[in-house]
Amino acid sequence: MFRKDSPADADFRAEAREWLETNLPHTLRGMTARPHPPEIMPWYKALSKRGWIAPHWPKEYGGMGATLAQQIIISDELARLSAPHLPVQGINHLGPILMRYGTPGQKAQHLSRIISGEVIWAQGYSEPGAGSDLASLTTRADDKGDHFVVNGQKIWQTWGHYADWMFMLVRTDANATPKHAGISFMLVDLKTPGIKARPIMNIADDDEFAQMFLDDVVVPKGNLVGPLNGGWKVANDLLAHERLGTSSPQHTMEVLARIDRVSKANGKAADPIFRDKLAALRIKVTAQAAMFWHAVDMIATGQPLGPSSSTMKLVATDNLQAATDLLIEVAGANGADSERLTTDGEPTDVTQIFLQSRRATIYGGSSEIQRNVLAKRVLGLPG
Ligand SMILES: Cc1cc2nc3c(=O)[nH]c(=O)nc-3n(C[C@H](O)[C@H](O)[C@H](O)COP(=O)(O)OP(=O)(O)OC[C@H]3O[C@@H](n4cnc5c(N)ncnc54)[C@H](O)[C@@H]3O)c2cc1C
């Protein structure tokens, strides 16, 4: 997109393109919602078998240990085929955290099962009374010697009703000041008695997330990640990875490809005002891609991302929503149609993807919260 492949990278691109073309089922291309586990997990496992499920993970943990260029190439090629969104809570969110904070036993137990797709993870942060103000969470874990007993309620867990395990934040000291000093990070097997998950439908009529109820759930002490009452730092490191992951240009590139297809099919591509808007958006997405891959490189070379993960999430989600807005606009009267349009023999969904993109400025910390972070940490404004 903003760089040229070296000869070795061009070979890798050709290899990736051919393998993905051959192996990504056509039924999984161009989907706007994440397919359910029976449909998507065979694809996850196929990528895993090929060694490409975690390009950014080091080889010692079963990743590909890919160069930055190879990571960009895989992402470009997946976007080119409009590949489906994979469950990322294990690969992008928990994996890097376990590599950093996990005990040898936790790494041995969990990392390879994330890579293989044997275990699907959910993220148990938000609660009905604690979203943006996460430190107010009240789900409590009482210390019972060799285990904790957890009681409380979580909400908005992506794939909570499909997941096998959940990483979660719990209150382990009710009297701590500040509030975040009494929070711990732990892992829970969702088959443990006392856990119920109830799916919630989103605006696009997709059961993307769930509410989780925890009643007297026994969690072994060995499932604590990082120090007791030291979960806030672990949680925030994980959020930085989450924000980075959601800033990938891949999804917006897919929307740009849809805009191309629809505008060519209905003649809008010849309209100079539309072309101007599209060019402006492409420039923004190219800049986003450069920023994103620079950040990936920083992580790979051990440099802290700091507040730039907030900048990236803001830019990326603004671009995604601007692209889906333009898609609706270019579709004209079809923009209000929930049926897929057929353009050049390809089905192109315009409404679903618009609806699905609304959530992007909420999850991983809303845009307002990212702006607060930048106001405080970059501009030094009072909190
Ligand atoms: C698709 C999706 C998937 C999600 N997946 C998960 C998941 O897997 N696990 C999980 O734990 N959570 C998940 N969430 C929850 C998400 O993290 C929260 O929705 C988010 O943090 C906002 O919290 P809230 O919904 O409680 O809104 P609130 O915190 O109640 O905020 C409501 C509104 O007020 C604004 N606001 C709040 N505080 C301030 C402030 N100080 N300054 C300015 N504006 C403010 C917010 O920006 C927002 O517009 C998901 C959410 C979505 C939409």
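Trainee: Which domains does the shell around the ligand draw at least three residues from, each?

Mentor: Keep in mind that this is a predicted model. The protein is divided into domain 1 (7–86), domain 2 (121–235) and domain 3 (246–377). At least three residues of the shell come from each of domain 2 and domain 3.

Trainee: Okay, and which residues come nearest to the ligand?

Mentor: Let's start with the elements around the ligand. Those giving two or more residues to the shell are β1 (121–124), β3 (147–158) and α11 (367–377). Of the 19 residues around the ligand, the ones that come nearest are Tyr125, Gly131, Ser132, Ser366 and Glu368.

Trainee: How many residues of that shell are charged?

Mentor: Go through the classes one by one. The shell around the ligand has six nonpolar residues and ten polar ones. That leaves the charged group, and it numbers three.

Trainee: How many residues does the contact take from domain 3?

Mentor: First, the centres of domain 2 and domain 3 are 31 Å apart, taken over C-alpha atoms. Domain 2 gives four residues to the contact between them. By class, that side has two nonpolar, two polar and no charged residues. From domain 3, the contact takes seven residues.

Trainee: What about helices α6 and α9: at roughly what angle do their axes cross?

Mentor: Two packed helices are described by the angle and the distance between their axes. Here α6 (residues 231–245) passes α9 (residues 308–331) with the axes coming within 8 Å. The crossing is left-handed, and the angle is roughly 35°.

Trainee: Which residues of α6 make that contact?

Mentor: The contact residues divide into three nonpolar, two polar and two charged. On the α9 side you'll find Ser309, Ser310, Met312 and Lys313. On the α6 side they are Ala240, Arg243 and Leu244.

Trainee: Which peptide bond is cis?

Mentor: Most peptide bonds are trans. Look in the loop between β4 (165–171) and β5 (183–189), where Pro178 sits. With omega near -10°, the cis bond is the one from Thr177 to Pro178.

Trainee: And what is the phi of Trp156?

Mentor: Most residues other than glycine have a negative phi. Trp156, in strand β3, is not a glycine, yet its phi is positive, at about 70°.

Trainee: Last one: what is the radius of gyration of the protein?

Mentor: The protein has eleven helices and ten strands, and its C-alpha trace spans about 70 × 40 × 40 Å along the principal axes. For 383 residues the globule rule gives 21 Å, and the protein's value is close to that, so it is as compact as a globular protein of that length. Its radius of gyration is 21 Å.

Note on methods. Residues numbered from 1 in each chain as written. Predicted model: local features only at pLDDT ≥ 70, side-chain atom pairs only at ≥ 80, totals over all residues. Near = placed C-beta within 6 Å. Helix = DSSP H or I, 4+ residues; strand = E, 2+ residues; numbered from the N terminus. Nonpolar A, V, L, I, M, F, W, Y, C, P; charged D, E, K, R; others polar. Domains from an automatic or database assignment. Contact = placed C-beta atoms within 7 Å. Axes fitted to C-alpha atoms, helices over the stretch in contact; angles between N-to-C directions. Left-handed = near helix turned anticlockwise from the far one by under 90°. Rg over C-alpha atoms; globule rule 2.2 N^0.38 Å.
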